[in-house]
Structures are given as C-alpha cells and as structure tokens.
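Trainee: Please take one part of this protein and go through it closely. I would like the setting first and the detail after that.

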Amino acid sequence: MLELWHLSGGYRGEDKVKEISARFREGEVTAVVGPNGCGKSTLLKLIVRLLKPTSGKILLEGVDAASLTRREFARKVSFLPQARAVPHMSAGALVLHGRYPYLSYSRRYSKKDFEAVEDALAATGTEKFRDIPLESLSGGERQKVYLAMLIAQDTDVVLLDEPTTYLDISRQFELMSLIGTLRQRRKTVVAVLHDLGLALRYADRILVLEHGKLRACGSPDDIYHSGTIDCVFQIHTRRISSPAGVEYVFSPERSS
C-alpha cells in the first residue's frame, strides 16, 4: 500500500503539489487527472524521489520511503516516465533491465531473473519483439515492452506518467487493458492520464488535482456524479450506455 501524508513539493522553491494526502490500495488502478500544469507529473516525481518534498511523508507498507536505500526503493516502486530516450538495445534486453534491483554484487542474472522476464514478455504479448531493436518498434509496441520491463521488476507499486500519449486509439485501449491486468497481480497502480474517457473507463479510482491541490478522490461513479470533472475542466460530461458498456461524452461547458 502507498500512502501520502500532507505531501508538498515542486521546483525552484515553489510548491507545485500542496498538502496532498491520499491512500492507494493494492489491486487497484488509480488515475490521476487534472488540467495542464496542476501538478500531476510532479506528484509522481515526488513519490519516486526524483524531487525532494518540502513537507509531508510517503509511506510504503507503513514505512517512510525516505528511510529506504535506492535498491530497497527500486524493489518496491517502479516508474515509467512520459519522456525518455530510446536506448539502443533489443526489447528483450530492456525487459531484463527490470531485474537490475535484484542483482547480486557479481552482477549476474539468475534463473529467477530470466523466468521473470519470460513471464513479463508473455503477459504483454511481446515475446515476438525479444530480439528486435527498440528503435524499430512502433510507439504502441514500445510501450508494451516498457510495461513488460515494469512487470519484470515486480514491484508492489507501479507508477505511470501519461502512458498512452502519442498512441492511436486502438493502442490506447490495448495498453489500458494490459495495465488493468496488473490488478490480478495485486499491484498498486497509479497512472497520470490526460484522456478523461480512459480514466473513467479503466480506473478503479480517480484522483482529481487542481492548482496543485487534491480536489476529489473516489470511484469513477462517485467522481462523475459529484460534478467535479465538469467544475475543474469547465466542460459538460454525459454518461451513456453502449453495447461496449458505459461511455463518457465530453462537450464544451454549457452557456448560462
């Protein structure tokens, strides 16, 4: 379980995230949404210790994350940032990198490491990309390989920053379905999502930020009925039933 207690922090002495307290539960996908510049990515960077909080605590299973070594932390929390360079290596080599926190001082991979990689490749359907250079893969294929790397890392907490950015709509659905399978592995998943429709459709809980502060947190149904989405984004949200299930339609805010 991941808990935030009055967490604040940001850049150059200015708090972009302010006094956020939240609990992220095992076996659930929580989507973090909010307008541009509201602190979504900053929140993830604070959790993974890329930024130092100005106040508050981050607890992992009741333990202060600040007390953990880098290796201990990397065995508990994995992170996929939005922007990253594409390394010159095969997909299989990248997935194997997920096992780095578990290497002994000899830096040799064990049978368990290779088994974890095979499991991750199978779970994401990326076995066929094993020997293909990452730069040769499409954006959607590459994202699936990165997700396989996180699965191989086998942490209790998985953080994703805008994982569907630049993907076409079918790849977005495919990737969100794969992220949803992490529930079966009892992972705590926190994903910053730009697409409100994906967040409401696939997440178990929604955390809404506005101006760096926590505006609301609850189930998609609770968030929809509260009207928070409409207030924060200044839009009108409508929920409809379709053969594929519940869908959400967004339109400009109604004029008075």
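Mentor: What follows is the overall frame, then the aromatic pair and some residues elsewhere in the chain.

This is a predicted model, so local features need pLDDT of at least 70, side-chain atom pairs count only at pLDDT 80 or more, and totals for chains, interfaces and linings use all residues. Residues are numbered from 1 along each chain as its sequence is written, and side-chain values use heavy atoms, with hydrogens and water left out.

Start with the frame. The chain holds 9 helices and 12 strands. Both are DSSP runs, numbered from the N terminus: helices are H or I with at least four residues, strands are E with at least two. The radius of gyration is 19 Å, which agrees with the value near 18 Å for a compact globule of 256 residues. That radius is taken over C-alpha atoms, and the globule rule is 2.2 Å times the number of residues to the power 0.38. Along the principal axes, the C-alpha atoms fill a box of roughly 65 × 45 × 30 Å.

Of the 256 residues, 48% are buried. Buried means under 20% relative accessible area, exposed means over 50%, and partly exposed lies in between (1.4 Å probe, protein chains only). Now the contacts, meaning heavy atoms within 4.5 Å. Among those with a separation of 6 or more, 63% join residues 24 or more positions apart.

Now the close look. The whole structure yields 3 aromatic pairs. One of them is Tyr224 with Tyr248. The ring centres are 5.7 Å apart, the planes stand at 65°, and the pair is edge-to-face. Here is the rule: rings of Phe, Tyr and Trp (its six-membered ring) pair if their centres lie within 6.5 Å; planes under 30 degrees apart count as stacked, over 60 as edge-to-face and the rest as tilted.

This pair links distant parts of the chain. Tyr224 sits in helix H8 (residues 220-226), Tyr248 in strand S12 (residues 245-252), and 24 residues separate them. Tyr224 counts as partly exposed because its relative accessibility is 22%. Tyr248 has a relative accessible area of 13%, so Tyr248 is buried.

Go next to helix H9 (residues 228-233), which contains Thr228. Thr228 is buried, because its relative accessible area is 10%. Leaving aside neighbours within four places in sequence, Thr228 contacts Val208, Arg215, Ala216 and Ile223.

Helix H1 (residues 40-47) is worth a look too. Here 6 of the 8 residues are buried, so H1 is largely enclosed by the rest of the structure. The buried ones are Lys40, Thr42, Leu43, Leu44, Leu46 and Ile47. Just after H1, Arg49 takes a positive phi of about 70°.

Two other arginines also have positive phi values. Arg12 is not a glycine, yet its phi is about 45°. Arg12 belongs to the loop between strand S1 (2-11) and strand S2 (14-24). Its relative accessibility is 83%, so Arg12 counts as exposed. Arg186 has a phi near 60°, again positive in a residue other than glycine. Arg186 lies in the loop between helix H6 (169-180) and strand S8 (188-192). At 46% relative accessibility, Arg186 counts as partly exposed.
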